[in-house]
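Biologist: I am new to this structure, so please take me through it one question at a time, and explain each term when it comes up.

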Amino acid sequence: MELNNPSNQRQEENSMGSECFVIRKRPCFLFRKLGFIMSVFLCGMMFHPAVGYDPLDPTGNITIKWDVISWTPDGYVAVVIMNNFQMYRHIMNPGWTLGWSWAKKEVIWSMVGAQTTEQGDCSKFKGNIPHCCKKTPTVVDLLPGVPYNQQIANCCKGGVVGSWGQDPAAAVSSFQVSVGLAGTSNKTVKLPKNFTLLGPGPGYTCGPAKIVPSTTFLTPDHRRKTQALMTWNVTCTYSQFLASKNPPCCVSFSSFYNSTITPCPKCACGCRNKNCIKSDSKRLTGAGINTPRKDNAPLLQCTHHMCPIRVHWHVKLNYKDYWRAKIAITNFNYRLNYTQWSLVIQHPNLNHVTQVFSFDYKPLLPYGSINDTGMFYGMKFYNDLLMEAGALGNVQSEVLLQKDQDTFTLKQGWAFPRKVYFNGDECAMPSPDSYPYLPNSAHVSVPVMLKTFATSGLLLMVMVLA
């Protein structure tokens, strides 16, 4: 038989490139096939758009809750509440956009606190015309200042929603919708499908709607409890890979003990955007430079990194029991200012923060006992607005940290952050081998050496004469 032929065995071994014998050909092939399947599965998990796991905010998400509060002759009235449970990622101007697909032939008769961007074809209705007849409506928040009869609680903020860690009271948005041509009971209502959320750009992936226990409400006097007739939730998670191919920010380093400044990596945010302006260009004096566009296209200052945001960390001073670092955030986008910005830094010494100047600070404890992550954000009405590129397009602060003598060191880049996030997106970091290094020995200049020798000689002469 061929299986007993040593030459065939050697040929088979050489063709397979391993030490598997011919008798073990099938098991070896199965193991390789299983390994290939596992690799494909892991790669799919890493790059699948629905994956939105953030190691610094593992439970962060946006939950959209629908509460049916009353039945109508052909449908129901529901209050839709959007809660942002993300610790440091908020929805900034121009705000959120929510969409879904109706399961049947539902229409929206009216809305309070929000509106759809299109009405759709409502030609089949006589008399009362619905607010929207589209199979896939797109809803946006109303702007501030609308009449009171169009408002409900937590609406009409232009779609801006704060983060849970920065301002829980502002981390909610809501509207009311009256749905027609739908079911009129818990058994006949069909849940909407294919939810989408823009906040304001891409990045969020929403799961299917799921029926949950009905929400309970307390009357203003807290003496009576009521509940929704029906409740379902939709959970949306964020993925930076889905939002953009390139990071939106970068980090640079410097220190008091080294004159070298470690800049942001070259083309850290991509160099495809060639429409940039030099800082000394005469175009900056023209009109319309700081006017945002509908597509939110940036107009950047020309830099080697081409990032809208740069975060600079400077090791400033070293005391006996403390050390001080300076943080500066610079905006290089002429068309966008950042409201309610947030900065998240991971560093092992953030468990001993003594004082933070000019910024508000809150420690983040994603894993309970590990306290190495903190969130910095602007003080309200002082520096919570990061202006567009220019002389005023920066904010800065200093952090005083207490030393832990067992762990503190200035060697091997320990004094610099491990991760930096701006507005919830991870920034591009420099290569570790380019960090400002600690000199092995002090360099003494020639005049200082001559002065030292002269002083020593003078002392010797005085001693001899004495």
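**Questions and answers**

Biologist: Which cysteine does a disulfide join to Cys122?

Modeller: The model is a predicted one, in which local features need pLDDT of at least 70 and side-chain atom pairs count only at pLDDT 80 or more, while totals for chains, interfaces and linings use all residues. Residues are numbered from 1 along each chain as its sequence is written, and side-chain values use heavy atoms, with hydrogens and water left out. A disulfide is a pair of cysteine sulfur atoms within 2.5 Å, and the sulfur of Cys122 has such a partner at 1.9 Å, in Cys133.

Biologist: What is the hand of the link of Cys122 and Cys133, and in which loop do they lie?

Modeller: The angle about the S-S bond is 115 degrees, and the link of Cys122 and Cys133 is right-handed. The two cysteines are 11 residues apart, and each of them is in the loop between β5 (114-116) and β6 (138-141), where strands (E, at least two residues) and helices (H or I, at least four) are DSSP runs numbered from the N terminus.

Biologist: Why does Cys132 have no bond to the closest cysteine sulfur, and is Cys132 buried or exposed?

Modeller: The closest cysteine sulfur, in Cys133, is 6.6 Å from that of Cys132, which is too far for a bond. Buried means under 20% relative accessible area, exposed over 50%, and partly exposed in between, with a 1.4 Å probe and protein chains only. Because its relative accessibility is 1%, Cys132 counts as buried.

Biologist: Which strands hold Cys206 and Cys236?

Modeller: Cys206 and Cys236 form a disulfide with sulfur atoms 2.0 Å apart, and its torsion about the S-S bond is about 100 degrees, so this disulfide is right-handed. The pair links distant parts of the chain, 30 residues apart, with Cys206 in strand β9 and Cys236 in strand β13.

Biologist: Where do Cys250 and Cys264 lie?

Modeller: These two are joined by a disulfide, Cys250 to Cys264, at an S to S distance of 2.2 Å, and its torsion of about 85 degrees means that this disulfide, too, is right-handed. The pair is 14 residues apart and links distant parts of the chain: Cys250 in strand β14 (residues 249-255), and Cys264 in the loop between β15 (258-262) and β16 (276-277).

Biologist: How many disulfides does a search of the whole structure find?

Modeller: The pairs described so far include Cys122 with Cys133 and Cys206 with Cys236. The search of the whole structure gives a total of eight.

Biologist: Which strand gives the most to the largest nonpolar core?

Modeller: A nonpolar core is a set of buried Ala, Val, Leu, Ile, Met, Phe, Trp, Tyr and Cys residues joined through side-chain atoms within 4.5 Å, and the largest one here has 35 residues, with Trp66 and Tyr76 making the most contacts inside it. Strands supplying at least two residues each include β1 (62-72), β2 (75-84) and β13 (230-238). The greatest contribution, five residues, comes from β13.

Biologist: Which residues are in contact with Trp66, leaving aside its neighbours within four places in sequence?

Modeller: Contact means heavy atoms within 4.5 Å. With those neighbours left aside, the partners of Trp66 include Tyr76, Val177, Pro192, Phe195, Trp100 and Trp102. Others among them are Met230, Thr231 and Trp232.

Biologist: Which residues lie nearest the centre of the largest pocket?

Modeller: On a 1 Å grid over the protein atoms alone, a pocket is an open set of points where a 1.4 Å probe fits, with protein on both sides within 12 Å along at least five of seven lines, and lining residues have an atom within 4 Å of a point. The lining of the largest pocket has 45 residues, and α3 (240-243) and β20 (338-339) each supply at least two of them. Nearest the centre lie Pro248, Asn296, Pro308, Leu336 and Tyr338.

Biologist: Where is the proline of the cis peptide bond that Asn93 makes?

Modeller: Most peptide bonds are trans. The bond from Asn93 to Pro94, however, is cis, with omega near 15 degrees. Its proline, Pro94, is in the loop between β2 and β3.

Biologist: Is Asn194 buried or exposed?

Modeller: Asn194 is in strand β8, and its phi is positive, about 50 degrees, although it is not a glycine. Because its relative accessibility is 58%, Asn194 counts as exposed.
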